[in-house]
Amino acid sequence: MATPIKRIEKDFLLKVLYDEQIPIMYLKNRTEHIFKVVKPVKTEIIFKPDRPVSGLKARKKIDLIFDYRGQVITFNAEVSNVRDDQITAVPPEFLYKNLDRSFSRVQTPADLQLQFTYSGDRYSLTYPKAAAYETGETGNLVQSINPQNLTGLVDQMAAWIKGYANGYKLVIFKDVKPSSTEEHLVAETGKSLFLPSSMNTFPLTDPYPKGRLVTEDIFKRYLESTGVDPSYIDEACARFIKAKLDSGIFSDLWVPVLFQEYVIGYIHVWINKEGKLPFDFAVIDTLYQFAAILANSLKLNGYFESGKLRNESYEGKVADISASGLLFTYPNSALAASLLPNLELKMKLITPRRTVTANAQIVRRYKDNTSGYFGVRFLDMSPEDMRFMFEFIYGKPFTETDIAFLAGQV
């Protein structure tokens, strides 16, 4: 992940840009410009480009990149003045290192168009939507379960659960809506509510890379969102857990059943008798597999068919692009709301000379008042297409030297 550089290190790097006359690269319209800092950086930063840069004017933001002793650094600067052979800008608030992309991003060439479609079937359903999208994994359970036999699947799941829990409940949000605190948490977050022991507290951290658990911090933020005074958050959390213990529950787990971005229900298991070990991560992992198979079984049995969408092609506006990914925008809408992190798309990049197709995965998203912004990473672009896109974007041949300079520190 791109990491902001702390102030002391940032000030040092801005100083060495001038002291050591380190070249700074600016890519515009497939042309590489090299800037150098001509005065020590104080209230402004003044660049001298190696050639005139057309189209630069005050208030325009430019993305710059340089290499300091093998570490690729990027920053954004807002131009305040362009005069003769010098460009004056506001000193950057942040510099970034440890880039989470493989190549430098540049402004989009004017003759590039983007079309995208969903990868696989998509649905518009009335179930609660999770804040993030995770593809369910069936693991090795799928080998022993027939996903088309919904009744048999539920029976197998119940038999497995009996070995680890005293009770369980399967709920689908079709005729019922979330009502309890636990149901709201699972439905709104798409994560598991996991209380290993009612004599302790919720997990303080989440060991899963994509985040599967309602941590203590998430639980407290939820309480605050419901109107609990911040000064009473700790007390309210403790009361919630004590109520579990008072009701005879020693270990408690609520696992969401996820179908695409929808939380269609949950599997609730609990221990209320002595003699069973508390739930651990292995139990969570297995229940996630059952939940994924259950969601797939419901799909195979036509459970979501009425909400199936026609997979049309949509046009996005590319904000910036690199040889390994791009940032595109789409107007705020139901479609934009469905474009969640981890979702895979099929993309068509149309240029005057060639049309490139590739699968891509959304890695981040944010929005403003009018549009959603979606950062995607290309997954399987062919070497020939990657070479073409590199030369189309950067306006020069694909060389090992360029890779060394432009490659981020992933």
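**Exercise 1.** Asp 121 counts as partly exposed, at 35% relative accessibility; identify its salt-bridge partner and place both residues in the chain.

*Solution.* The model is predicted, so local features need pLDDT of at least 70 and side-chain atom pairs pLDDT 80 or more, while totals for chains, interfaces and linings use all residues. Residues are numbered from 1 along each chain as its sequence is written, and side-chain values use heavy atoms, without hydrogens and water.

Step 1: apply the exposure scale, where buried is under 20% relative accessible area, exposed over 50%, and partly exposed in between (1.4 Å probe, protein chains only). Lys 308, at 36%, is partly exposed.

Step 2: apply the salt-bridge rule, a side-chain nitrogen of Lys or Arg within 4 Å of a carboxyl oxygen of Asp or Glu. Asp 121 and Lys 308 satisfy it, with their closest N and O atoms 3.4 Å apart. Asp 121 sits in the loop between strand E10 (113-118) and helix H2 (150-162), and Lys 308 in the loop between helix H6 (281-300) and strand E15 (314-321), so the pair ties together parts 187 residues apart in sequence. Helices (H or I, at least four residues) and strands (E, at least two) are DSSP runs, numbered from the N terminus.

**Exercise 2.** Which residue forms a salt bridge with Arg 122, and how far apart are the closest N and O atoms?

*Solution.* Step 1: the partner is Glu 261, at 2.4 Å. Glu 261 lies in the loop between E13 and E14 and Arg 122 in the loop between E10 and H2, so these distant parts of the chain, 139 residues apart, are linked.

Step 2: Glu 261 is buried at 1% relative accessibility, and Arg 122 is buried at 4%.

Step 3: shared partners also join Glu 182, Lys 244 and Asp 252 into one network of salt bridges. The total count is 15 salt bridges.

**Exercise 3.** Give the strand order of the open sheet of 4 strands.

*Solution.* Step 1: the order is E11-E14-E13-E12, with antiparallel pairing. Two strands pair if DSSP finds at least two bridges between them.

Step 2: strands E11 (167-172) and E12 (193-195) are the edges, each pairing on one side only.

Step 3: E13 (residues 251-259) and E14 (residues 262-271) run antiparallel and are joined by 9 bridges. Trp 254 stands opposite His 268 in E14.

**Exercise 4.** Which residues of helix H4 (residues 216-225) are buried?

*Solution.* Step 1: they are Glu 216, Ile 218, Phe 219, Lys 220, Tyr 222 and Leu 223.

Step 2: Gly 227 follows H4, with a positive phi near 110°.
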